[in-house]
Amino acid sequence: MVSSSHEAMHGIFTHDAAAVGHAFRVLDLPFPEPIAVEQISVDLTATAPVERRADTILRVTTADDEFLLIVEAQSNRDSTRIAAWSYYVTFLHNKYELPVVLVVVCHDKETATWASSPLTLTYRGWTSFTLQPLVLGPHNVPAITDPAEVLADLPLAALSAITHAREPEISEILDSIIVAFRRRGCDDETEFYAELIEQGISHTDAAQLWRDKMDTDLSFFRSESAQRLRAQGLEQGLEQGLEQGVAQGVARSVLTVLTGRGIELSAAQRELLAETVDLDQLNAWLMQAVTATRAGELFD
């Protein structure tokens, strides 16, 4: 089953063409700057009954040319990916007759090191196919720890958090993102990247760290943490509203009993009765109202 963390690791590239350009610069590639990015179907199933789906496939247009970008999320070493990725590259090249580039996004250095090595399909020393992915991980994506840098580049900041999720600097990265989000305020971008980051690091220890750090101000997030805290706030609000409603009902009962017995209240006494929320005090006044001969017996 594909996890939300897996989805976020490659999904960042579908939201903003800038993320694609960042990947090129991080990898120090001489690729032209993308001017348009179009997501295409990830279904690579041919007539054979074997279903094959890539994570994200983008058709990238630059000022000079076009090419296809496959973005795969990888959280650990997996030798079966070599055959799958090789199939993706050759299938897309044959179908679209465009150059194909494979980018692999990793959470940790060990997986990134494995993915960075030439991946080969061999038999008894004979190599039939060699695949060289471009790898994004904590070894080459910068750790963004300055809120100003986060504000200037939200896609890169999110990519920094996701790829450094298991690194010691993750706490400082998350701190800078939260500060930047508070400065920017609520908009579609902060909501998107807050959700993306939480999903992207959800299977690491950093996930709880992210939730704990955001507990102080989550008013503009729609992430799991925000929903959890909003639910708590709603529950507390309902409890407070119920108590207030009961208090108002008892106060009206006090006023009704006194009025029915011909006892008038002054403006000050009416105001005191209306503003009192202490149920013990209100219930005591209600009991006294049954036998009182004047308002002063209750309020003096």
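**Notebook: helix packing, cores and two loops**

I looked up helix 7 (residues 170-184) and helix 8 (residues 188-200) and found that they pack at an angle of about 160°, with their axes 10 Å apart. That angle makes helix 7 roughly antiparallel to helix 8, because angles over 145 degrees count as roughly antiparallel. I noted that this is a predicted model. I also noted why I wrote down both values: two packed helices are described by the angle between their axes and the distance between the axes.

Next I checked the handedness, and the crossing of helix 7 and helix 8 is left-handed.

Which residues of helix 7 meet helix 8? I listed Leu174, Ile177, Phe181 and Arg184 from helix 7. On the side of helix 8, I listed Glu189, Thr190, Tyr193, Ala194 and Ile197. Sorted by class, this contact has 6 nonpolar, 1 polar and 2 charged residues.

**Cores**

I then looked up the largest nonpolar core, which has 39 residues. Within this core, Leu69, Leu136, Ile177, Ile197 and Trp210 touch the most other members. I had already met Ile177 and Ile197 in the contact of helix 7 with helix 8. Another core, of 22 residues, lies apart from the largest one, and its members include Trp85, Leu92, Val104 and Trp114. For background, I wrote that nonpolar side chains tend to be buried together in soluble globular proteins.

**Two loop residues**

Where is Ala63? I found Ala63 in the loop between strand 2 (56-62) and strand 3 (66-74). Is Ala63 buried or exposed? Its relative accessible area is 66%, so Ala63 is exposed, the cut-off being over 50%. I also looked up its distance to Ala36: the two are 27 residues apart in sequence, and their C-alpha atoms are 9.3 Å apart in space.

Glu97 sits in the loop between helix 3 (80-96) and strand 4 (100-106). I looked up its phi, which is near 55°, a positive value in a residue other than glycine. I wrote this down because most residues other than glycine have a negative phi. Glu97 has 68% relative accessibility and therefore counts as exposed.

**Whole chain**

Last, I took the totals. The chain has 13 helices and 7 strands. How many residues does the chain have, and what percentage of them is buried? There are 300 residues, and buried ones make up 44% of them. Among contacts with a separation of 6 or more, 63% are between residues 24 or more positions apart.

Notes:
Residues numbered from 1 in each chain as written. Predicted model: local features only at pLDDT ≥ 70, side-chain atom pairs only at ≥ 80, totals over all residues. Heavy atoms only, no water. Axes fitted to C-alpha atoms, helices over the stretch in contact; angles between N-to-C directions. Helix = DSSP H or I, 4+ residues; strand = E, 2+ residues; numbered from the N terminus. Parallel < 35°, antiparallel > 145°, perpendicular 65-115°, else oblique. Left-handed = near helix turned anticlockwise from the far one by under 90°. Contact = heavy atoms within 4.5 Å. Nonpolar A, V, L, I, M, F, W, Y, C, P; charged D, E, K, R; others polar. Core = buried A, V, L, I, M, F, W, Y, C linked by side-chain atoms within 4.5 Å. Buried < 20%, exposed > 50% of the residue type's maximum accessible area, 1.4 Å probe, protein only.
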